[in-house]
Amino acid sequence: MNPIRLSVKFAAIEAPEPLDAAIPLFHRFMQQGLVEGLLIDVADYQHVPQGPGILLVGHDIDYGVDETGFVAIRKRQDGVSAADQFRDVLRMALGALQAMEADAEFRASFDPGQLRVAVMDRLHAPNTDEGAAVVESELAPVFAELFGTDAKITRTDRDDARAPVTLEIAVAGIDAEAVLAKLPPGSVPRIPYAAPQSDWDITAEELKELRDSGSDLLLIDVREQSEFDTVNLGGQLVPLGTLDLEIPELAKDAHLVVHCKAGGRGAEAVKQLRKAGFENAWNLRGGILAWIDRIDSSLPRY
Amino acid sequence: MSAITWKDRLAGQMDPDWEAEIDQFEAQVELRKQGKLEDKVFAETRLRRGVYGQRYDNGERFDGFATRQLPFADVPTKGPETLWDAPGMTRIKVPYGGVSPQQLEVLSDLAEEYSDEILHVTTRQDYQLHFVHIEDTPDLMRRLAAVGITTREACGNSVRNVTACPLSGVCKTESFDVSPYARALMEFLLGHPDVQDFGRKFKPAFSGCEQEACGLVQLHDAGFIARVKDGKRGFKVVVGGGLGAVPHQAHVLSEFTAVEDFLVEIQAVARVFARLGEKKNRNRARIKFLIAELGIEEFKRLVVEEIKTVPPDPRHTEFLEDLPVTGGAAPRPPQRLDGGAKPPGFDVWHETNVSSQRQEGYAVVTINLPLGDLTSRQGRALADIAREYVGDNIRTSVEQNMLLRFVSEADLPALYSALDVVGLAIPGAGTIVDVTSCPGTDTCKLGIAASRGLAAELRTRLATKSASLDDAVKNMRIKISGCFNSCGQHHIADIGFYGNSRGIDGRRVPHFQVILGGQSRENAAQYGMAMGSVPSKAAPEVVDALTEGYVQGREKGETFQEWIGRLGKRNVRGIIQPFMKVPAYDAQPGFYTDWSDAREFTIGDLGIGECAGEIVSLFGIEVMKAESQVFDAQCSLEEGDYEAAEDHAYRSMLSAARALVRMEYIDVTEDPSEIVTQWKTRFFDTERFFDRFAKGKFGQYLLDWHAKPVPSGDRANAARRVEEAQLFIEASHGCEARLAAEQAALEVPAGA
């Protein structure tokens, strides 16, 4: 079955507040080419109650953020099976999630382990028992392959036969990286290292050079304890939320490099530090992931 | 799985003519794809079927830093400057805005499968879907045709949607229900050979009475106002109205045309228009220009003559024997609302969104759609609600809302709760919060400023203080257009805005022209006048200042329009003046972006050298003179000195033209002939003055006037001339912006 549209929506853990923040984010996606798709424009639907929120409209995919989650809608896939469309849109959606995480300004989080898949095609996938059975039979093997057999799959469209066939999937402790590794490659690098994240970025290569030169620098890790426990670069752990408490303890003339997972929180931290008068504070662009990918691939990615 | 198609699935379920027509369109899409059909021919073909180009369909987009090419894969185009692959808008015309629950469900499906899950209701009771791919349009049309809706002649030089007062049939002031006649007119003219050869579009409208706004017949190409004479039904027929860049009030063609004569009469009008209307210059091709040229008396004579030549056609009167049914019977018996407990929020909503019907015990409920938008999910929920409470009695309104008619009053609390669950019980319908807006820069190719962005901002601000607003303010209307073309109907609002832009220190700043004193009552009998341009970001404060000024300064019982009229343009301008200034970029960069947009609104910020900077400032100084002269013209107009108004208007055009000439030829004198000659040679003949869409339209205003600069002393002429001068000045600003951008592009170092 080749549906005309297929979408994946990740539930919001923390929706952007206000939703407005998605407008410049989506413009940055377009300006810097940070996500996949031929992107056309940003549509603001915040005035519509229970509406699509902010949409990044593309030729072959739409991305959207509302109070409940983040959605990617794949379209114009003539002759492509539902299974392949799902693989495709999932990769695009996970890529966009990483781009959001790496973004210095945008604050929100979505759960890739709580996803809703909708097939919007009333001709080939009507919301009848037969139609839903076709969708389930085609997608279930892909779900098993990507999420394992423990994933809980529920059909959530039964209250309205006119709604698209919709499956909800709950994956406990999802490993988004591992899922991505199983998907076909896309057109955009998963982590947009090239894009500036703050006015005070340094690259992984530059950080390596500094460390190798024995320069007296203080590496600050602004992630959370659990992330630190998973993998770290030997920096001092100061979660972003506690940075303001730590600031009085730091020497104003110290050479500081902050990092997080992908660069977004680091950019926020460096902004706070610069504002507080630290003139030699820098952000590791792309975070620890950039370090792992480019400098030390023996460390675990997460 | 076998590849079943909508064509197979719906075969035989459509009107055979419509079905053949869609198959033909699909074939043409295929031919165009193979490069076997010419651009222009295909463009006309798709437009006639409601398939429209959208912003960025030329494959270029300004991303905030530079204009980039969108990497669409295919080369062929679907019309001049319209790329094949670029998704576009589909307009679905629904006569008098009446839909059934089933139709609403199909519309919702289509929005979900082919668009962005949003159904947009327009100011002409159409539905629009955006970002639709042309390959999907034949199926989309089939699915609509299967439920009796066509997109045919929704765009292009054709008879557009037939609109009607959404209260027809239930209204207390109407003479009779006009909807069956509106449907009869639509069915009669759809695809009629006499309406295929127009130079431009033709918009008809119906109204049940003369005094209310609902039908807005005065601003339509043809308007029909229900009248009963000696017990016989008929219409007062008006022709030649229209907003557009220069608004025209319609003229009376006939004080009474009996219903059995009205189709033959409109057919005669169509034939006269097709024969004598302008064809080449689309800027003067609406019927209003033909009537202005011939005079209404001559036009009337031609129509009377034409009627004699119209071949007899049984369809002229056949429909009367079996008047089309519009809206089914009410499914619930009429019953009064009792005094029981009401759900929270009910009373506020009831006050603004419910009105009683002519039929005892029934009410009309207005669903306040923010900016005319509803989602597919809401559409389906509304279909359920309609089935339960009102059956087929759903309408859209020119204020971009939806109406449920024949609601049994006793059902109102339950209906309110059902609507509330899906976010459709927003109060404030028909109040100042209920801002009307065209799509503007969001999706329209012609948009200059973000009309929807401003509308959404005003809605939010006004809704939060709605409770504290004075009643007189609450009842005001705000309407916004993204450019001088008046799709948002800014001319007939208490406070109207249309988008334009101004150059400030080498940057472009989005602005809105403030239009005050318009009126929508009496079918839009009075158009507003331009008061001055304010930066887009200051527009909400202007609304505050005007409404507060009105509340404090009004005399007892004075309407906003009367207050504006009494104050006079100079004093009103005094209220707006403080907001006209644009703060420096460094102080408030927000002024240099538009609402709901993160991109800097500019085309001139790329490496402007001193030379270009100087050009900008010189033009800026010169054009200020033109702005003040056109303002004087408006004041004279208001004071009734029409000759002076015409003279000021002419001089303001000369000043604007001179401002452009001075950029290249500093020694140009003040002599009108020299200015016009220099301007014509340098800017008009070279087409540098032309913008992509209006071409030479606005330049022609100056040439026409200069050829015969004798004031007529006539009010209508003077009003038109002042509008034209305003548009000429806008066009001069636009021309200067393009030149500055070209200059800037030249000065970007190679390789940048």
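This is a short walk through a two-chain model, from the sheet in chain A to the chain contact, the nonpolar cores and one helix in chain B. Keep in mind that the model is predicted.

Okay, chain A and its sheet. We have eight strands in an open sheet, and the order is S2-S3-S4-S5-S1-S6-S8-S7, with antiparallel pairing. Which strands sit at the edges? They are S2 and S7 of chain A, the latter being residues 152-155, and each of them pairs on one side only. Going from one strand to the next, the twist averages 20°.

Let me start from the S2 end. Strand S2(A) covers residues 39-45, and although it is an edge strand, it is mostly covered, with seven of its seven residues buried. Its neighbour is S3(A), residues 53-58, and six bridges join the two in an antiparallel run. If you want a pair to click on, Asp41(A) has Val57(A) as its bridge partner in S3(A). Moving one strand over, S3(A) pairs with S4(A), residues 61-66, also antiparallel, over three bridges. There the pair to look for is Leu56(A) with Tyr63(A) in S4(A).

So what lies across this end of the sheet? That's helix H1(A), residues 22-32, which crosses S2, S3 and S4 of chain A and runs at about 175° to S2(A).

Now the other end. Strand S6(A) is joined to S8(A) by six bridges, antiparallel, and Ala118(A) finds its bridge partner in Thr166(A) of S8(A). Then S8(A) is joined to S7(A) by four bridges, antiparallel again, with Lys152(A) standing opposite Ala170(A). This end has a helix too: H3(A), residues 129-147, lies across S6, S7 and S8 of chain A, at about 25° to S8(A).

On to how the chains meet. Here 37 residues of chain B contact 33 residues of chain A. On the chain B side, the elements that each supply at least two residues include H1(B), H12(B) and H14(B), plus strand S17(B). Which element gives the most? That would be H4(B), with four residues. By class, this side of chain B has 16 nonpolar, seven polar and 14 charged residues.

Next, the cores. As a reminder, nonpolar side chains in soluble globular proteins tend to be buried together. The largest nonpolar core here has 298 residues, and the members touching the most others come from both chains, including Ala72(A), Ala93(A), Leu185(B) and Phe728(B). Take Ala72(A): leaving out residues up to four places away in sequence, its contacts include Val8(A), Ile61(A), Met92(A) and Ala93(A). Tyr63(A), the one we just saw paired with Leu56(A), is also among the residues Ala72(A) touches. There's a second, separate core as well, with six residues, among them Ile504(B), Val509(B), Val582(B) and Tyr592(B).

Last stop, helix H18 of chain B, residues 560-567. Its buried residues are Phe560(B), Trp563(B) and Ile564(B). Why do they end up on the same side of H18(B)? Because they cover an arc of only 100° around the axis. And what do they pack against? Strand S23(B), residues 507-516, plus helices H17(B) and H19(B). Finally, just after H18(B), Gly568(B) takes a positive phi of about 85°.

That's my tour; happy to pull any of it up on screen.

Terms used
Residues numbered from 1 in each chain as written. Chains lettered and ligands numbered in written order. Predicted model: local features only at pLDDT ≥ 70, side-chain atom pairs only at ≥ 80, totals over all residues. Buried ≥ 20, exposed ≤ 12 C-beta atoms within 10 Å, placed from the backbone. Arc of directions from axis to C-beta. Contact = placed C-beta atoms within 7 Å. Pairing = 2+ DSSP bridges. Core = buried A, V, L, I, M, F, W, Y, C linked by C-beta atoms within 7 Å. Axes fitted to C-alpha atoms, helices over the stretch in contact; angles between N-to-C directions. Nonpolar A, V, L, I, M, F, W, Y, C, P; charged D, E, K, R; others polar.
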